[in-house]
Amino acid sequence: MNYWLVKSEPKKYAWEKFLHDKKTFWDGVRNYQARNNLKAMKKDDQVLFYHSNEGLCVVGIAEVIKEFYQDPTTDDKQWVVVDLAPLQSFESPVTLEQIKADSLLANVALIRQSRLSVMPLSADEFNRIIALGN
DNA sequence: GCCAACGTTGGC
DNA sequence: GCCAACGTTGGC
């Protein structure tokens, strides 16, 4: 089992819409590193959902329900999507501020590589953020 | 709305 | 293959 964090601007695709949709394909990734992370996702991997630009917090957990396939929104074969479904909303969203302030989370890519939109987390980091959110 | 960080593009 | 110019992301 691997753990991930994905970013979405609430204006483009908010957690609330995700809950309503029940599942979504994660499109729009146009960065090689993020794309490679999408390709590394396995079914049942768990994915934290982060609101960027507005909110600036991790709002819930999703799971991978379908592994990568060609991005249906483009003909360019190099881009892929995965299917995600919501698992659980956080009781209290975990803010970027909290993550920055937590010594266990000092190395997460969210902080170190702020522009990366799909990133891996260690099990420890994942569990720590879950603990902060519930 | 600004700007720093950083990925990509294109001329040489 | 280097590097300057440019575009995009995302925190503030």
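A residue counts as partly exposed when its relative accessible area falls between the buried range, under 20%, and the exposed range, over 50%. Keep that scale at hand for this tour of a predicted model.

**Stop 1: the whole of chain A**

Start by selecting chain A and colouring by secondary structure. You should find five helices and six strands, and walking along the sequence gives the order β-α-β-α-β-β-β-α-α-β-α. The radius of gyration of chain A is 14 Å, close to the 14 Å from the globule rule for 134 residues, so the chain is as compact as a globular protein of that length. Turn the C-alpha trace onto its principal axes and the spans come to about 40 × 30 × 30 Å.

Now switch on the surface. Chain A exposes about 7,200 Å², with carbon and sulfur atoms supplying 48% of that area. Of the 134 residues, 44% are buried. If you draw the contacts with a separation of 6 or more, 69% of them join residues 24 or more positions apart.

**Stop 2: Glu9 and Lys12**

Next, look for charged pairs; the whole structure holds six salt bridges. Select Glu9 and Lys12 to see one of them, with the closest N and O atoms 3.4 Å apart. How exposed is Glu9? Its relative accessible area is 26%, and since partly exposed covers the range between 20% and 50%, Glu9 belongs there. Its partner Lys12 is exposed, at 63% relative accessibility.

**Stop 3: Lys11 and Glu54**

Move to Lys11 and show Glu54 as well. Their side chains form a salt bridge with an N to O distance of 3.5 Å. Which parts of the chain does this pair tie together? Lys11 sits in the loop between β1 (3-8) and α1 (15-21), while Glu54 sits in the loop between β3 (46-51) and β4, so the bridge links parts that are 43 residues apart in sequence. Lys11 is exposed, with a relative accessible area of 70%, and Glu54 is partly exposed at 37%.

**Stop 4: Lys43 and Asp44**

For another salt bridge, select Lys43 and Asp44, whose side chains meet at 3.7 Å, N to O. Both partners are partly exposed: Lys43 has a relative accessible area of 49% and Asp44 has 38%.

**Stop 5: Gly60**

Now select Gly60, which you will find in strand β4, residues 57-70. Is Gly60 buried or exposed? It is buried, because its relative accessibility of 0% falls under the 20% limit. Display what surrounds it: setting aside neighbours within four places in sequence, Gly60 is in contact with Trp15, Val47, Leu48, Phe49, Gln88, Ser89 and Phe90. Then add Gly133 and draw a line between the two C-alpha atoms; they are separated by 8.1 Å, although Gly60 and Gly133 are 73 residues apart along the chain.

**Stop 6: DNA strand B**

Finish with the nucleic acid. Select DNA strand B together with the residues that surround it: Asn31, Tyr32, Gln113 and Arg115. Colour the strand by atom group, and sugar and phosphate account for 55% of its atoms that come within 4 Å of the protein. What kinds of residue make up the surface near DNA strand B? Colour the residues by type and you get one nonpolar, two polar and one charged.

Technical notes
Residues numbered from 1 in each chain as written. Chains lettered and ligands numbered in written order. Predicted model: local features only at pLDDT ≥ 70, side-chain atom pairs only at ≥ 80, totals over all residues. Heavy atoms only, no water. Helix = DSSP H or I, 4+ residues; strand = E, 2+ residues; numbered from the N terminus. Buried < 20%, exposed > 50% of the residue type's maximum accessible area, 1.4 Å probe, protein only. Contact = heavy atoms within 4.5 Å. Near = heavy atom within 4 Å. Nonpolar A, V, L, I, M, F, W, Y, C, P; charged D, E, K, R; others polar. Rg over C-alpha atoms; globule rule 2.2 N^0.38 Å. Areas by Shrake-Rupley, 256 points an atom, 1.4 Å probe, with all protein chains shown as cover. Salt bridge = Lys/Arg side-chain N within 4 Å of Asp/Glu carboxyl O.
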